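Me: Please take a close look at the second chain for me. How is it put together, and how does it meet its partner?

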Amino acid sequence: MRTGDRLLRIYVWLVLAWLFAPIIVMIVFGFNDTRSKSNVSWQGFTLAWWGRLDEFPLLTAAVLDSITIALLVTVIATVLGTLMGIALGRHRFRGQAATNLVMFAAISSPELVMGASLLSLFVSMGVETGYWTIVVAHVLFAVSFVAVTVRARVVGLDRSVEEAARDLGATPWVTFWRVTLPMILPGVVAGALLAFALSIDDFVITQFTSGSTTTFPLWIYGAVRIGVPPQVNILGTLIFAAGAAIAVVNSINARRRT
Amino acid sequence: MSDTQAGTGAAAAAPGLSPVPAIELDGVVKEYVARGEVVQAVRGVTLGIAAGEFFSLLGPSGCGKTTTMRMIAGFEEPSRGAVRLHGHDVTDVPPDKRDVNMVFQSYALFPHMDVRENVAFGLRRRKVAEAEIRRRVGEMLEIVDLTGREKRRPRELSGGQQQRVALARALVNKPRALLLDEPLGALDLKLRQAMQVELKRIQREVGVTFVYVTHDQNEALTMSERIAVMNDGLVEQLATPREVYERPATPFVAGFIGTSNLLTGTVERIDGSTAVLPLGAGGRVLVERGGRQAGDAVVVTVRPEKITISAGEPEGNLSAVRGTVSEVVYLGTSTSYAVGLAGGEEVTVFQQNAHDGITTAERGDSVWLSWQQQYSYAIGS
């Protein structure tokens with residue numbers, strides 16, 4: 001029994017180490033006092049790169065584009081996906097099976113396929129690819145993830161709670177905002193976080209639909225050949241820290257709610 | 001007993017109460033389509049519930065009692081017929097505009113709000129002033145004995161406490177009527193009995209019309225002033241608990257409420273105001289004559305606790321039949337006997353266990369069963 005416990009503990013730490021090693025390396029190399037173009041071997045500690053964060057204007061622009069795209073995608077996909085999730089979880093309607101199929105296809109089809117087909121779609125429609133086509137493409141796949149998480153929450157909902165709200169004098173509109181939405185909020189928030197995370201680090205689909213716009217992942221990919229500067233590590237660290245902070249706050253809230 | 005009606009029942013209010021019923025159902029029908037077929041959940045219910053009355057809708061699951069209640073609340077729209085609250089037709093009024101409140105079987109508390117906000121929900125919708133809300137919520141929580149738990153979330157409360165929050169949340173709005181859908185169904189026996197007493201007390205204290213849906217006949221009998229016994233989408237009988245028990249209008253009511261013995265016979269002769277039905281060797285059942293003639297077929301019901309068991313033929317002008325004891329079950333305060341009659345009928349008899357260790361009869365004994373004429377009740381009379 002004791003040996004089993006010890007083995008389990010070791011196993012857990014190994015898994016955690018495996019998961020976090022790349023992230024730790026990313027963070028650490030943001031403090032590397034490197035002189036060469038490629039930031040791959042440890043040269044000593046420095047905070048210098050933090051002061052030179054905006055050394056590359058194109059990188060700064062790419063990060064800002066990535067963030068604004070991710071925020072836009074999060075808002076649009078969360079609103080649309082939440083409405084879809086409620087409809088799918090609550091009602092029986094014509095085209096429901098088809099909607100489920102399309103959602104599943106959007107989640108499961110290889111990004112390469114979706115990116116290529118989106119590109120040919122945009123080209124054949126005569127739409128110039130760029131910032132907004134990226135937004136459209138990202139919303140397309142993110143909305144399904146939101147809808148699926150919200151639907152799971154809606155299915156588990158006790159309908160009589162909403163009926164109780166109506167019974168107590170709440171109009172359908174008030175019932176939605178005061179009762180339905182707060183109850184499905186964990187699903188909505190989870191879906192929103194998923195949408196943001198999927199959008200900000202998407203590479204394949206973005207590559208196909210970006211035109212002349214460069215996002216953070218695209219810039220890094222371009223820089224790989226000449227060497228990735230430590231600023232990228234720092235920006236990555238910041239994005240990771242923000243994401244981790246939101247996840248922590250969300251899980252604390254969730255624990256308080258349920 | 002003018003308000004005892006078989007079939008759909010009359011829209012009469014209980015005597016001595018306000019003439020305009022608090023709730024009136026007028027030929028209400030609810031049908032829906034399931035797999036291309038029209039199914040009638042409620043097949044024409046007409047009844048009136050007086051203001052301040054404790055009224056029960058009693059019946060087995062699927063009898064339409066919950067659908068009937070949901071039509072009063074406004075969650076289901078009747079396919080035909082009208083719902084009136086205090087004389088106003090509310091058939092097309094949505095639930096949030098109806099002056100009735102409901103206590104749900106699952107309680108349906110708002111999980112993301114504390115007890116105070118749950119109870120205040122209805123008042124906030126009606127834009128009641130904050131100070132007034134505080135006062136009324138506090139008052140209500142006192143009535144349901146939850147003072148000091150204002151800040152708790154529903155999941156931090158026991159089943160009985162959640163039940164009382166649901167009650168307070170509905171009653172704080174001072175509704176014209178409170179609708180309760182099997183509110184004690186999820187509680188264990190002890191708590192359920194305590195809550196029955198509690199509900200009666202609260203109803204007396206606030207004086208609100210209670211419409212109580214249940215499948216539990218004991219609950220309906222102990223708590224209600226009147227009961228509508230429903231079966232298959234129709235009201236079988238609408239009467240006081242005593243009447244429903246003592247004078248069931250239909251075989252269904254007789255069988256559903258308590259244990260009942262049904263004896264079928266033909267009137268042999270009329271003896272003054274008594275009709276006499278022979279039953280088995282030397283046996284006879286006496287029942288009030290009513291409009292019966294010799295030769296009429298009659299179904300008579302007798303409650304098990306009205307019957308006396310004896311070894312010899314009883315003296316006097318009693319109903320008396322012979323049979324053989326087929327089973328004796330000791331129940332603590334009473335003993336239950338199953339007695340098979342010559343004609344194949346099985347009669348259940350309850351005897352109080354007044355003296356310890358003494359049972360009136362043993363398995364296999366040949367016995368006489370007797371009861372007074374007033375306890376024979378011809379169904380439908």
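Reply: What follows is a walk through chain B, from its domains to its contact with chain A.

This is a predicted model, so local features need pLDDT of at least 70 and side-chain atom pairs count only at pLDDT 80 or more, while totals for chains, interfaces and linings use all residues. Residues are numbered from 1 along each chain as its sequence is written, with chains lettered from A and ligands numbered from 1 in the order in which they are written.

Start with the domains. Chain B splits into domain 1 (5-99 + 175-256) and domain 2 (261-378). These bounds come from an automatic or database domain assignment. The C-alpha centres of domain 1 and domain 2 of chain B are 34 Å apart. Their contact takes 5 residues from domain 1 of chain B and 4 residues from domain 2 of chain B. Two residues are in contact if their C-beta atoms, placed from the backbone, lie within 7 Å. On the domain 1 side of chain B, the touching residues are 3 nonpolar, no polar and 2 charged. Here Ala, Val, Leu, Ile, Met, Phe, Trp, Tyr, Cys and Pro count as nonpolar, Asp, Glu, Lys and Arg as charged, and the others, Gly among them, as polar.

Now a pair of helices. Helices (H or I, at least four residues) and strands (E, at least two) are DSSP runs, numbered from the N terminus. Helix H4 (residues 159-171) of chain B packs on helix H5 (residues 189-206) of chain B at about 20°, with the axes 12 Å apart. Axes are lines fitted to C-alpha atoms, for helices over the stretch in contact, and angles run from 0 to 180 degrees between N-to-C directions. H4(B) and H5(B) are therefore roughly parallel to each other. Angles under 35 degrees count as roughly parallel, over 145 as roughly antiparallel, 65 to 115 as roughly perpendicular and the rest as oblique. The crossing of H4(B) and H5(B) is right-handed: the near helix is turned clockwise from the far one by less than a right angle. H4(B) brings Gly160(B), Gln163(B), Leu167(B) and Leu171(B), and H5(B) brings Leu191(B), Met195(B), Ile202(B) and Val206(B). By class, that contact has 6 nonpolar, 2 polar and no charged residues.

Next, the strands. Strands of a sheet pair through backbone hydrogen bonds, either parallel or antiparallel. Two strands pair if DSSP finds at least two bridges between them. In chain B, 3 strands form an open antiparallel sheet in the order E12-E16-E22. E12 (261-266) and E22 (377-378) of chain B stand at the edges, each with a single partner strand, so one side of each has no neighbour in the sheet. E16 (residues 297-302) of chain B joins E22(B) by 2 bridges. There, Val300(B) stands opposite Ala378(B).

E18 (residues 319-330) of chain B pairs with E21 (residues 366-371) of chain B over 6 antiparallel bridges, with Ala320(B) opposite Ser370(B). E18(B) also pairs antiparallel with E19 (residues 334-341) of chain B, over 7 bridges. Tyr330(B) faces Thr335(B) across that pair. E18(B) and E19(B) form a hairpin with 3 residues between the strands, where Gly332(B) takes a positive phi near 90°.

Last, the partner. 18 residues of chain B are in contact with 16 residues of chain A. H7 (159-167) and H8 (172-200) of chain A each supply at least two residues of the chain A side. H7(A) gives the largest share, 6 residues. That side of chain A divides into 8 nonpolar, 3 polar and 5 charged residues.
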